[in-house]
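Biologist: I am new to this structure and would like a close look at a single part of it, the nonpolar core, together with whatever surroundings help me to place it. Please take it slowly and explain each term as you go.

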Amino acid sequence: VFQGRILARRLVGQETRYEVEVKTPYRHRFPLVPREYVWVPNTCGCPPLQEGGEYLLMARRHVNYERTLNRILLQDDGYARPWTPREERLVREAARH
């Protein structure tokens, strides 16, 4: 789970790749760098992430069977909400528990 700002969006084959500036990592099981690519396995624009917008993202690390692909994937069951101070407060409260 991290707060990020969408810098760019690009369609790559049947997927969408977002370049994201990682602002605040709240909980992560793998290291995040200041800029990451977040992949969405569709081209429909779901979830609708706007360039320049800030979001609270819950994504997972995806490593394929051959271990040749290692990326951050925002799946259908992932979480992408516009960032608000309320969202930050809820995440910080949940992290304490």
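Modeller: What follows starts with the whole chain, turns to the core, and then moves outward to a helix, a pocket and a loop.

This is a predicted model, in which local features need pLDDT of at least 70 and side-chain atom pairs count only at pLDDT 80 or more, while totals for chains, interfaces and linings use all residues. Residues are numbered from 1 along each chain as its sequence is written, and side-chain values use heavy atoms, with hydrogens and water left out.

The chain holds one helix and seven strands, where helices (H or I, at least four residues) and strands (E, at least two) are DSSP runs numbered from the N terminus. Followed along the sequence, these elements give the pattern β-β-β-β-β-β-β-α. The chain has a radius of gyration, taken over C-alpha atoms, of 13 Å, close to the 13 Å that the globule rule gives for 97 residues, so the chain is as compact as a globular protein of that length; the rule is 2.2 Å times the number of residues to the power 0.38. Of the 97 residues, 31% count as buried, a word that means under 20% relative accessible area, with exposed meaning over 50% and partly exposed in between (1.4 Å probe, protein chains only).

Now to the core itself, by which I mean a set of buried Ala, Val, Leu, Ile, Met, Phe, Trp, Tyr and Cys residues joined through side-chain atoms within 4.5 Å. The largest nonpolar core has 13 residues, and Val20, Leu49 and Leu57 touch the most other members. Strand 1 (2-12), strand 2 (15-25), strand 3 (35-40) and strand 4 (54-58) each supply at least two residues of this core, and the largest share, three residues, comes from strand 2. Taking Leu49 as an example, and not counting residues up to four places away in sequence, Leu49 touches Ile6, Tyr18, Tyr55, Leu57, Leu74 and Ala80, contact meaning heavy atoms within 4.5 Å.

Moving on to helix 1 (residues 85-96), we find Val91 there, and Val91 is buried, with a relative accessible area of 16%. Leaving aside neighbours within four places in sequence, Val91 is in contact with Tyr26 and Leu56; Val91 and Tyr26 are 65 residues apart in sequence, yet their C-alpha atoms are 7.4 Å apart in space.

The largest pocket is lined by 15 residues, of which Val1, Phe30, Met58, Ala59 and Arg60 lie nearest its centre. Phe30 is also one of the residues touched by Arg61, along with Asn70 and Arg71, when residues up to four places away in sequence are not counted. Arg61 is placed in strand 5 (residues 60-63) and is partly exposed, with a relative accessible area of 45%. Between Arg61 and Arg71, 10 residues apart in sequence, the C-alpha to C-alpha distance is 5.7 Å.

Lastly, Gln75 belongs to the loop between strand 6 (70-73) and strand 7 (79-82), and Gln75 is partly exposed, with a relative accessible area of 28%. The C-alpha atoms of Gln75 and His28, which are 47 residues apart along the chain, are separated by 16 Å.

Notes
1 Å grid on protein atoms, 1.4 Å probe; cavity = no way out; pocket = protein on both sides within 12 Å on 5 of 7 lines; lining within 4 Å.
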